[in-house]
Amino acid sequence: MVKLPEGVTLPEGVEIKEGLEGVFTSVSRICKVDGQNGILIYSGYNINDLAKHADYEETMYLLFHDKLPNKKQYEEFVSRLRSMREVPQPILDYLKRLNKKISPMHALRTAVSMLADFDDKADDLSYDNCYRIALSLNAKIGTLVAAIARIRQGLEPISPTEHLNEAANFLYMLRGVEPGPAETESIDMCLILHAEHGLNASTFTAKACASSQSDFYSATTAAIGSLKGPLHGGANTEVMEMLLEIGSVENVEPYIMKRLQNKEKIFGFGHRVYKTIDPRAEHLKNLSKALSEEAGNMKWYEMSVKIQEIMRREMDLKGKPIYPNVDFFSASAYYTMGIELEMYTPIFAMSRMSGWCAHLLEQLSDNKLIRPRLYYIGKMNLPYIPIEQRD
Ligand code: ACO
């Protein structure tokens, strides 16, 4: 409920839905988030099936086309995508000139925006052209994320290769060596799980921007800015920072209890739509466990499980159960894979680019300017006083 200042009442017929909670703004065929039952559907397919059987490119095709590809369609899609991975050299040169400690999300947002300067059809809103831009953005964002990660470490960016899938090519560009199948599958699954999630804050931002008939570069640049925040995609980095600050399984209980007593939020928990376990978190928990076992270091996984247990106990006591979201176990999974903390959110952006673009493509055929209202509670009818006469 919105807090109104004393003496202010809303007239009949005015209802305020803070944070647009529970509001449906349109219809979509792309994603269903069943928050009561913890079910996530991408264009008809349960995320559990996609995580188990599909790969990321197939998932992207599904989001763009509302159907899974046959073999020929898949091969054509993948080959077109892979042919677009190279990023214009001036953008890489620009990234190299940035302060190495710059937030990778700032760098990524700027770099994605710069891509428009190298596309002379950036403003052509025909479906075929926007589809081309959607593929290009998805093909290039991995190259940008890997380049930013390397530049931060004082290393030269590595050019993409066309013989690897999205996940393997990303790890190759990050490290300079081709990854094994286990690591490729882990990143592939993370990309599938983070690809799409309905009208979350960043997708809403992208859609609102595009609703003025602005271009895909502007809309996805805006979306990256929204994803960056710690209440949204930025939470995964915060989770790992918290785990490092806690330091050991023994410290978990006093740390979490103190935070809760201080009414501070625990990053990686809670969700606007899920009122039960986020199905993506279940997969990421299993992945984090498997990666930790393989690495022979269970510490971060065990600390995460302990936090989950305490949150469950405490929130049940309050009668307000809160569950881990997609950002919670992805943190320990990425850390165990040796990925730098600050790169977790850019990796999220790399994956969510497909969801953003799917929504932008869907919106092209039925666009309406997104323009909600704010109910004015400010002053009225003040006399204008010339500046010289004001106190
Ligand atoms: N830790 C402790 N308490 C929490 C948490 C949390 N992570 N999340 C919600 N609560 C509590 C709030 O304190 C509030 O309690 P109150 O009613 O006593 O004031 C109640 O649950 C409702 O919380 P809101 O923040 O009002 O719920 P909302 O739907 O607006 O927020 C959000 C959802 C922003 C995700 C919230 O749960 C949160 O801040 N979580 C931590 C950040 C995070 O992990 N974000 C990633 C979300 S997933 C994604 O975007 C990819």
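## Phe64 and its aromatic company

Phe64 is tucked away: its relative accessibility is 7%, under the 20% cut-off, so it counts as buried. Keep in mind that this is a predicted model. Phe77 is buried too, with a relative accessible area of 4%. Searching the whole structure turns up nine aromatic pairs. Phe64 and Phe77 make one of these, with ring centres 6.3 Å apart and planes at 80 degrees, so the pair is edge-to-face. What does this pair link? It ties together distant parts of the chain, with Phe64 in helix α2 (residues 56-65) and Phe77 in helix α3 (residues 71-82), 13 residues apart.

Now for a pair of tyrosines. The ring centres of Tyr127 and Tyr131 are 6.3 Å apart, but here the planes sit at 25 degrees, so this pair is stacked. Both residues belong to helix α6 (residues 127-152), and because they are four residues apart, about one helical turn separates them. An α-helix has 3.6 residues a turn, so residues three or four places apart point the same way. As for exposure, Tyr127 is partly exposed at 39% relative accessibility, whereas Tyr131 is buried at 11%.

Put these rings together and you get one aromatic cluster, formed by Tyr61, Phe64, Phe77, Tyr127 and Tyr131.

## Helix α7 under cover

Helix α7 runs over residues 166-175 and is mostly covered, with eight of its ten residues buried. Which ones are they? The buried set is Glu166, Ala167, Ala168, Asn169, Phe170, Leu171, Met173 and Leu174.

What do they pack against? The partners of these buried residues are α2, α3 and α6, along with α8 (181-194) and α16 (344-364). You have met some of those helices already: Phe64 sits in α2 and Phe77 in α3, while Tyr127 and Tyr131 are in α6.

## Ser332 and Glu294: buried or exposed?

Ser332 sits in helix α15 (residues 326-336). With a relative accessible area of 0%, Ser332 is buried. If you skip the neighbours within four places in sequence, Ser332 is in contact with Met240, Leu243, Ser288, Trp300, Tyr301 and Ser304.

Glu294 is another story. You will find Glu294 in helix α13 (residues 279-295), and at 61% relative accessibility it counts as exposed. How far is Glu294 from Thr336 in sequence and in space? The two are 42 residues apart along the chain, and their C-alpha atoms are 9.4 Å apart.

## Cavities and a pocket

How many cavities of 30 Å³ or more are there? The count comes to three, and the largest cavity holds about 60 Å³ of space. Its lining is made up of Leu95, Leu98, Asn99, Lys100, Ile102, Ala107, Ile148, Ile151 and Arg152. Sorted by type, those residues come out as six nonpolar, one polar and two charged. Helix α6 supplies the largest share of this lining, with three residues. That is the helix that also carries the Tyr127 and Tyr131 pair.

Turning to open space, the second largest pocket has a volume of about 460 Å³. Its lining has 13 residues, and Glu15, Ile16, Arg373, Leu374 and Tyr375 are the ones that lie nearest the centre. What types of residue make up this lining? Nine are nonpolar, four are charged and no polar residues are present.

## The whole chain

Step back and the protein has 16 helices and three strands. Its C-alpha atoms fill a box of roughly 70 × 55 × 45 Å along the principal axes. What radius of gyration would a compact globule with 391 residues have? Near 21 Å, and the protein has 22 Å, which agrees.

Buried residues account for 49% of the 391 residues; Phe64, Phe77, Tyr131 and Ser332 are among them. What about contacts along the chain? Of the contacts with a separation of 6 or more, 75% are between residues 24 or more positions apart.

Conventions
Residues numbered from 1 in each chain as written. Predicted model: local features only at pLDDT ≥ 70, side-chain atom pairs only at ≥ 80, totals over all residues. Heavy atoms only, no water. Phe/Tyr/Trp six-rings, centres within 6.5 Å; stacked < 30°, edge-to-face > 60°. Helix = DSSP H or I, 4+ residues; strand = E, 2+ residues; numbered from the N terminus. Buried < 20%, exposed > 50% of the residue type's maximum accessible area, 1.4 Å probe, protein only. 1 Å grid on protein atoms, 1.4 Å probe; cavity = no way out; pocket = protein on both sides within 12 Å on 5 of 7 lines; lining within 4 Å. Points joined across faces, edges and corners; volume = space filled by probe spheres on them. Nonpolar A, V, L, I, M, F, W, Y, C, P; charged D, E, K, R; others polar. Rg over C-alpha atoms; globule rule 2.2 N^0.38 Å. Contact = heavy atoms within 4.5 Å.
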